[in-house]
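This report describes how helices and strands are arranged in the structure shown below, and then turns to its aromatic rings.

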Amino acid sequence: MGKQFLEITEKKEVEKVIADLSAKLAKRIDAETEKVKIEDGKALGRIASADIFSPLDIPPFDRSTMDGYAVVASDTFYSAENNPSTLIIKGYVQAGEFPSHSQYVETGYCTGISTGAPIPKGANAVVKVENAVEYEDAVAVEAAARGKEEGKKLKKVKIYKPIAPAENVMPAGSDIKRGEQIVKNGTTLTPRETGVLAACGIREVLVRKKPTVAIISTGNEIIAPGAHLEPAKIYDVNAQTLFDSVREICCGCVPLFLGIAADNTEAVSAKMQESLEKGVDVIILSGGTSAGVGDVLPTAIEEFGEILVHGVDIKPGKPFVLGMVLREKPVPVFGLPGNPTSA
């Protein structure tokens with residue numbers, strides 16, 4: 001006669017035991033970290049293991065928020081539809097270009113600018129392109145080196161609306177300041193966080209290690225899906241169900257299926273040993289939990305550690321086993337009934 005249930009435990013008590021084990025496991029895993037790259041998508045959904053601070057201002061320079069003209073704001077204070085201000089254009093700055101020294105803006109002058117371009121030195125505001133009209137003014141200028149006059153065209157712009165200092169300018173650091181916390185320890189990285197990290201030029205992030213969950217099916221009667229179904233055999237339903245459940249429900253845990261073990265203590269123990277050698281954090285076995293001659297899981301667990309729960313007052317699922325492997329690190333072992341509904 002096989003070993004009977006050690007003790008039928010109330011559901012609430014079992015839930016408390018599992019909650020306590022989960023807290024201890026989470027605390028241990030929190031201390032295990034790894035670096036992952038952001039650009040290949042491996043950081044998405046991971047949990048940051050440390051506070052992250054911006055290494056630079058975002059934007060890193062004063063930038064224009066409009067297409068138009070970078071000006072000294074006071075040059076436009078008396079601008080009006082019937083009395084526009086006239087400024088000489090010193091050049092143009094496109095997004096991605098840094099203004100040259102010759103594009104320094106002083107009173108009476110301006111620089112054409114596109115959205116996102118750096119504000120030239122001397123300028124403190126940007127006039128919208130729709131509030132200005134650009135034109136060429138032919139003037140006679142004397143070429144001192146040649147001692148004669150030459151015709152030269154100057155580009156000018158008429159400003160029809162006054163603007164205030166800092167208008168249409170995004171100051172450096174207005175989105176994120178250098179040294180500002182951008183990700184808090186324990187934050188799950190969503191596209192929002194990964195986008196901010198990319199904006200700050202951060203390519204790698206330190207995250208908590210994903211727990212690895214070993215999944216083992218037991219039973220002489222089960223075979224892998226796709227194999228030839230021989231008489232008295234059934235396909236393994238639990239392995240795939242548990243594998244996908246670990247990925248979907250367990251917050252990104254890594255499932256590791258180790259195959260099917262025969263219904264004997266030696267085979268189950270070998271699979272558990274393989275799990276431990278692979279450094280898993282949790283072991284889930286299905287089958288071999290009921291009280292009977294062919295049920296070997298409790299015996300196998302006791303070879304590696306201790307049984308905490310064997311039997312819970314729920315139906316289906318009464319033959320549930322919970323144990324703890326006591327090796328280099330404590331590893332919880334969950335023994336589920338072989339019946340898919342009970343599991």
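In this predicted model, helix α1, formed by residues 11–30, lies across four strands: β17 (282–286), β18, β19 (321–326) and β20 (330–336). The direction of helix α1 makes about 30 degrees with β19. Helix α3 (residues 238–249) also packs on the sheet, where β13, β16, β17 and β20 are touched. Between helix α3 and β16 the directions differ by about 165 degrees.

The sheet itself is open and consists of six strands with mixed pairing, ordered β16-β13-β17-β20-β19-β18. Its edges are β16 (254–261) and β18 (305–310), each of which pairs on one side only. From one strand to the next, the twist averages 20 degrees. Strand β13 (residues 212–218) runs parallel to β16 and is joined to it by six bridges; Thr212 is found opposite Val254 of β16.

The model contains one aromatic pair, between Phe320 and Phe334, with centres 6.3 Å apart and planes at 45 degrees, a tilted arrangement. Phe320 belongs to the loop between β18 and β19, whereas Phe334 belongs to strand β20; the two are 14 residues apart. Phe320 is buried, because its relative accessible area is 10%. Phe334 is likewise classed as buried, because its relative accessible area is 17%.

Two lysine side chains place their charged ends over tyrosine rings, as tabulated.

| Charged residue | Ring | Distance from ring centre |
|---|---|---|
| Lys90 | Tyr109 | 5.3 Å |
| Lys158 | Tyr135 | 5.3 Å |

Definitions and conventions:
Residues are numbered from 1 along each chain as its sequence is written. This is a predicted model: local features need pLDDT of at least 70, side-chain atom pairs count only at pLDDT 80 or more; totals for chains, interfaces and linings use all residues. Side-chain values use heavy atoms; hydrogens and water are left out. Two strands pair if DSSP finds at least two bridges between them. Axes are lines fitted to C-alpha atoms, for helices over the stretch in contact, and angles run from 0 to 180 degrees between N-to-C directions. Contact means heavy atoms within 4.5 Å. Rings of Phe, Tyr and Trp (its six-membered ring) pair if their centres lie within 6.5 Å; planes under 30 degrees apart count as stacked, over 60 as edge-to-face and the rest as tilted. Buried means under 20% relative accessible area, exposed over 50%, partly exposed in between (1.4 Å probe, protein chains only). A charge sits over a ring if NZ of Lys or CZ of Arg is within 6 Å of the ring centre and within 35 degrees of the ring normal.
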